[in-house]
Amino acid sequence: MEDIKNIAVLVSGGGTNLQALINAEKDGRLKSGRVTLVLSSNPEAYALSRAKENKIETCIVDRKLFSDRTEYSRALLKELNSRKIDLIILAGFMYILDSNFIKHYKNAIINIHPALIPSFCGDGFYGVRVHEAALDYGVKLTGATAHFVNEVTDGGPIILQKAVEVKEGDTPEILQRRVMEQAEWEILPLAAELFCAGRLSIEDRTVRISKNNQT
Ligand code: GRF
């Protein structure tokens, strides 16, 4: 029996991770869920054009129009609750959600972070800053992490991680691109598929991935 889950993708910018999810849907890597809504905090986000090109419903909840996080999170909840959404994916979404929002969608929000958590994560580590910090530290390996979202910034249970090599002469921008291409765009659609296929469970803070029983 088919039970395709509805995915809302929250974005603020370019939306290459959204594109990775759309591509995965098209080529069958993401088959247990489909992106039914793209919600942007930014009316100018290019991610909105990607959604429209793919005939996905869009919605803008402009962060600038809200005075604080609580009010903003409430407005987001209202939009999401008015649709049937099973999974929320934060794909380059620039704002921290409040605890009420997180409780409402407990263990149903996935974020992609461009480092190997617990390195280079937490408040202030976003966008190219993460890669600047990795290069400043001199790590030889970095990568990306797909994780559930809880009340701690980048602190929720880890679903998947993939390592990426740091190379001589890397700039933060070059490293950012390599991490996206080699890790983020691969593990985010896979994490979405595992969630939608009901293959993820959380014990304490460890995520277990059950075997695929479809042969
Ligand atoms: C990605 O590096 C993601 O890991 C981070 O924000 C960036 C978003 O890029 N959370 P995009 O909008 O998906 O292109």
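This note covers the strands β5 to β7 and the helices α5 and α6 of a predicted model.

1. Local features were taken at pLDDT of at least 70 and side-chain atom pairs at pLDDT 80 or more, while totals for chains, interfaces and linings use all residues. Numbering starts from 1 along each chain as its sequence is written, and side-chain values rest on heavy atoms, without hydrogens and water.

2. Strand β6 (residues 141-148; strands are DSSP E runs of at least two residues, helices H or I runs of at least four, numbered from the N terminus) is mostly covered, with 7 of its 8 residues buried, that is, under 20% relative accessible area with a 1.4 Å probe and protein chains only.

3. β6 runs antiparallel to β5 (residues 109-113), joined to that strand by 4 bridges, and is also paired in the antiparallel sense with β7 (residues 158-165) over 7 bridges; pairing requires at least two DSSP bridges. Thr-145 of β6 stands opposite His-113 and has Gln-161 as its bridge partner in β7.

4. The axes of α5 (residues 128-137) and α6 (residues 172-196) come within 9 Å and cross at roughly 110°, so the two helices are roughly perpendicular (65 to 115 degrees between N-to-C directions). The contact (heavy atoms within 4.5 Å) involves, among others, His-131 and Leu-135 of α5 and Leu-175 and Val-179 of α6.

5. In α5, Val-130, His-131, Ala-133 and Ala-134 are buried; they lie on the same side of α5, because they cover an arc of only 155° around the axis, taken from the directions to the C-beta atoms. The buried residues of α5 pack against β5, β6 and α6, and α5 is followed by Gly-138, with a positive phi near 85°.

Key:
Buried means under 20% relative accessible area, exposed over 50%, partly exposed in between (1.4 Å probe, protein chains only). Axes are lines fitted to C-alpha atoms, for helices over the stretch in contact, and angles run from 0 to 180 degrees between N-to-C directions. Angles under 35 degrees count as roughly parallel, over 145 as roughly antiparallel, 65 to 115 as roughly perpendicular and the rest as oblique.
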